[in-house]
Amino acid sequence: MEALILVDIQHDFLPGGALAVADGDAVISVANQLQLHLDLVVATQDFHPANHLSFAANHSGKQIGDVIQLNGLNQVLWPNHCVQGTAGAEFADSLQMERVAKIFPKGTDPEIDSYSGFYDNGHRKATGLGDYLKEKGVNRVVIVGLATDYCVKFTALDAKELGFDTTVVRDGTRAVNLQPQDFDKALEEMTAAGIKIVSAEEKLS
Ligand code: VGL
Ligand code: ZN
């Protein structure tokens, strides 16, 4: 049983959004096509309260891109994004949602960020995605979405660690690229962890 995980395909990560990923909208058609080829589809949703401590605006004297210590973890400070109740937190308009069996919100605790769709960044709390997939009999997961170097990477690393055969569709993701090599570095890190990296064409054929 193979599941497709759509990671954070939300307005704020698309061109024009608060934390826009260059060419981020290119993942939507790949995500829509793959949905037709897999047994189960789930989606993660970055879903922050306005007082979330990953937002630079919630720390006096800090800038976007600064790295601080937050509850013992390194935390990159982001622009306000995916705030609950705002249009930025909603899924891309052209993303097919009819086949999405369940949505897993994350980053809802103001005190801790959650890049992975499975756990918060300290691995202290689970979102329920892992148990849900296991209950459904899923043994393989395919991951697309935003962004390659943050939420896609950490979702894939956790999926692999939880024992799922894990594939990331390279051209179904785009990176934030705070550093220009971050996309390539993320792919290398995932490969080293035993995650398969394929093209959409390979996965669809
Ligand atoms: C993400 C930064 C902050 C992501 C979410 O979806 O990759 N990146 N929040
Ligand atoms: Zn976020």
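Two cavities of 30 Å³ or more turn up in this structure, which is a predicted model. The largest cavity holds about 100 Å³ of space. It is lined by 13 residues, and those closest to its centre are Phe13, Leu19, Tyr115, Tyr150 and Cys151. As for how such spaces are found, rolling a probe the size of a water molecule over the atoms shows where empty space is left.

Then there are the pockets. The largest pocket comes to about 200 Å³ of space. Its lining is made up of Gly65, Val67, Leu73, Asn74, Val76, Tyr115, Asn121, Tyr150, Lys153, Phe154 and Leu178. Strand β4 and helix α3 each put at least two residues into that lining. Two names come back here: Tyr115 and Tyr150 line the largest pocket, and both are also among the residues closest to the centre of the largest cavity.

Aromatic rings come next. Across the whole structure, a search picks up five aromatic pairs. One of them brings together Trp78 and Tyr150, and it counts as edge-to-face because the ring planes stand at 85°, with the ring centres 5.0 Å apart. The two partners come from distant parts of the chain, 72 residues apart: Trp78 belongs to the loop between β4 (73–76) and β5 (100–106), while Tyr150 is part of helix α3 (residues 148–161). Trp78 and Tyr150 are both buried. The pairing doesn't stop with these two, as ring pairs tie Trp78, Tyr115, Tyr150 and Phe154 into a cluster. Of that cluster, Tyr115, Tyr150 and Phe154 also appear in the lining of the largest pocket. A ring also has a charge for company elsewhere: the charged end of Lys134 sits over the ring of Phe164, at 5.3 Å from the ring's centre.

Where does Thr166 sit? Its place is in strand β7 (residues 165–174). Thr166 counts as buried because its relative accessibility is just 1%, with the cut-off for that label set at under 20%. The side chain of Thr166 reaches the backbone nitrogen of Lys160, at 3.4 Å. Lys160 is also one of the residues that Thr166 is in contact with once neighbours within four places in sequence are left aside; the others are Val141, Ile143, Ala156, Ala159, Ile195 and Lys196.

A few spots in the backbone deserve a look too. Most residues other than glycine have a negative phi, and most peptide bonds are trans. Against that background, the peptide bond from Leu146 to Ala147 is cis, with omega near -10°. Ala147 falls in the loop between β6 (140–146) and α3.

Which non-glycine residues have a positive phi? Asp23 does, at about 65°, and so does Cys82, with a value near 45°. Both are in loops: Asp23 lies between β1 (2–7) and α1 (26–35), and Cys82 is found between β4 and β5, the loop that also holds Trp78. Are these residues buried or exposed? Asp23 is partly exposed, since its relative accessible area is 41%. Cys82, on the other hand, has 0% relative accessibility and therefore counts as buried.

Note on methods:
Residues numbered from 1 in each chain as written. Chains lettered and ligands numbered in written order. Predicted model: local features only at pLDDT ≥ 70, side-chain atom pairs only at ≥ 80, totals over all residues. Heavy atoms only, no water. Helix = DSSP H or I, 4+ residues; strand = E, 2+ residues; numbered from the N terminus. Buried < 20%, exposed > 50% of the residue type's maximum accessible area, 1.4 Å probe, protein only. Polar contact = N/O pair within 3.5 Å; in protein donor to acceptor, adjacent residues only side chain to side chain. Contact = heavy atoms within 4.5 Å. Phe/Tyr/Trp six-rings, centres within 6.5 Å; stacked < 30°, edge-to-face > 60°. Lys NZ or Arg CZ within 6 Å of the ring centre and 35° of its normal. 1 Å grid on protein atoms, 1.4 Å probe; cavity = no way out; pocket = protein on both sides within 12 Å on 5 of 7 lines; lining within 4 Å. Points joined across faces, edges and corners; volume = space filled by probe spheres on them.
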